[in-house]
Structure formats: structure tokens, C-alpha cells
Amino acid sequence: KRENYISWEEYFMAIAKLSAMRSKDPSTQVGSCIVKDGEISNMFYALSTIEDLPEKLYKALSNIPDYKGIPYWSERHQTYFDLYDEAEIIQRIGEGTSVEKILAKLNMEPFGEIYAPIVIEKNSDYILYVSTNNNGMKFKGVTCVKKGNMQSDIILFRDGDNWVLYGVGGVNAIKVWFLQDRIETSFIGRIKSFCNFFFTKF
């Protein structure tokens, strides 16, 4: 078989960029897709001409305490909850450098504490944010998502005079027929809420 085909990550990133081309707004377009079990479950897009957007986005992404109170829309309950009701930094390495590593402790009800390694890579032309879960996430004593099985990525890069901003996320939840859809819908909704929070700040 051919060896130089693109990876799934590159494929989903390309879909997100293509999504941005659907926007009819002349000044704001962003491309994004949410991935669930290797399939795209949500896409959204926008684009910005704000020149200092990289610095503003970096400050927002690296300000972990501000994650507390991010609004999360529950499809099941049809109401808003806080995505995280606690958010703090446990460890920070390389603050303000081209590669910053943060260990955050986040409390996401009803799943409890999440220890989230966060990596932020940045230069004058792009920002890449990657966050995963470093511990299992439990609901009523049952592990719903194992360590490393939930990830949120946000990327910003320059395209000519514009900045393209998009997010990709995925979760591999417990395979229990009467819980799987409910849990995956919940976590995908949380990833989407997280990305949207930063998209709507600019």
C-alpha cells in the first residue's frame, strides 16, 4: 500500500480548514470539527483579522483559573452548567516560552478531579494547544474515560492577512451499551463548549 498518505489527525485538520471556507462573513471565519470515535460529530468555523490575536489567545488559554465557570450546555438536561467548578495550576514549566507545559487540576462534576497535562506551542505565526486527561474519569465509581482517552486541541495559524482558528477534540468512552451514547454525548458536548468559549472571546 501507499506509504505517504496523510494521518487521521491531518485529515481532520484539513476538514476543519475546509469548513472555514464555508463562512460567508467577510471578517470572521473559523474552521473546526469535533471527532467522536474516529468520526466527525461537530464542525464550526470562523476567521479573524485581529493582528494581536496570537497573544490574546495565548493569554486566554494559559490562564487556567479562568477555566472555572466556562458554560457547558447539557443536551440531556437542556440547561447550562459550569464545565469546571474548580481550575488551578499544579505545575508550570517554560512560562511564556515557545513550548509551555502546564499541569492543571480541574474539577468537572459529576466526574470529579481531572489532572490535565497541557502543552502550548507558539511562535509569531501559530499557536498549538493540546490537553489530555492524566487520570481516569469516574461516574458513581465506574471509570467512564480511561487515562489519555480524552483530548482537546486548539490551533491558530496565519493564512495570508488572516488568522485561522479551529479546534478538534475526541473521547473514547467506556463501552457499555446502556451508558456509552450518554457518556460520549456528554463529553463531546464538554469539548465543544470548551472550544467555543475561546472562539467567542475574539
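Mentor: Start with the vocabulary. Helices are DSSP runs of H or I with at least four residues, strands are runs of E with at least two, and both are numbered from the N terminus. Remember that this model is predicted.

Trainee: Where is Pro110 placed?

Mentor: Pro110 sits in the loop between β7 (99–108) and β8 (112–122). Check the bond that leads into Pro110. From Glu109 to Pro110 the peptide bond is cis, with omega near 5°.

Trainee: How do I read a hairpin? How many bridges pair β4 with β5, and in which sense?

Mentor: Look at the strands, then at the turn. β4 and strand β5 (residues 79–82) pair over four bridges, in the antiparallel sense. One position to locate is Tyr72, whose bridge partner in β5 is Phe81. Between the two strands of this hairpin lie four residues.

Trainee: Which residue in that turn has a positive phi?

Mentor: Gln78, at about 55°. Gln78 is not a glycine, yet has this positive phi. Now look at its surroundings. With a relative accessible area of 48%, Gln78 is partly exposed.

Trainee: Where is Lys140, and what is its phi?

Mentor: Lys140 is in the loop between β10 (137–139) and β11 (142–159). Its phi is positive, about 55°, although Lys140 is not a glycine. Lys140 is exposed, and its relative accessible area is 74%.

Trainee: Back to hairpins. What joins β6 to β7?

Mentor: Seven bridges join strand β6 (residues 86–93) to β7, and the two run antiparallel. Ile93 has Lys101 in β7 as its bridge partner. Five residues separate the strands of this hairpin, and in the turn Gly94 has a positive phi of about 75°.

Trainee: Next, a helix. How many residues of α2 are buried?

Mentor: First the general idea. An α-helix has 3.6 residues a turn, so residues three or four places apart point the same way. Now the case. α2 is mostly covered, with seven of its 10 residues buried. Leu53, Pro54, Leu57, Tyr58, Ala60, Leu61 and Ser62 are those buried residues.

Trainee: What lies over the face of Tyr58?

Mentor: Lys122, at 4.7 Å from the ring centre. Lys122 belongs to strand β8.

Trainee: Is Lys122 buried or exposed, and which side chain of opposite charge is nearest?

Mentor: Lys122 is buried, and the nearest side chain of opposite charge is Glu55, 5.0 Å away. The salt-bridge cut-off is 4 Å, so this pair does not qualify. Lys122 has no salt bridge. Look instead at Gly96. Its backbone oxygen lies 3.4 Å from a polar atom of the Lys122 side chain.

Trainee: Last topic, ring pairs. How many aromatic pairs are there?

Mentor: Rings pair if their centres lie within 6.5 Å. By this rule there are nine aromatic pairs. Take Tyr67 and Phe194. Their centres are 5.3 Å apart, with 75° between the planes. Planes over 60 degrees apart count as edge-to-face, so this pair is edge-to-face.

Trainee: Which parts of the chain does that pair link?

Mentor: Distant ones, 127 residues apart. Tyr67 is in the loop between α2 (53–62) and β4 (71–74), while Phe194 is in helix α3 (residues 180–199). Both Tyr67 and Phe194 are buried.

Trainee: Which residues form the cluster linked by ring pairs?

Mentor: Tyr67, Tyr84, Tyr129, Phe194, Phe197 and Phe198. Find Tyr67 and Phe194 on the structure, then trace the cluster from there.

Terms used. Residues numbered from 1 in each chain as written. Predicted model: local features only at pLDDT ≥ 70, side-chain atom pairs only at ≥ 80, totals over all residues. Heavy atoms only, no water. Phe/Tyr/Trp six-rings, centres within 6.5 Å; stacked < 30°, edge-to-face > 60°. Buried < 20%, exposed > 50% of the residue type's maximum accessible area, 1.4 Å probe, protein only. Lys NZ or Arg CZ within 6 Å of the ring centre and 35° of its normal. Pairing = 2+ DSSP bridges. Lys, Arg positive; Asp, Glu negative; His and termini not counted. Polar contact = N/O pair within 3.5 Å; in protein donor to acceptor, adjacent residues only side chain to side chain.
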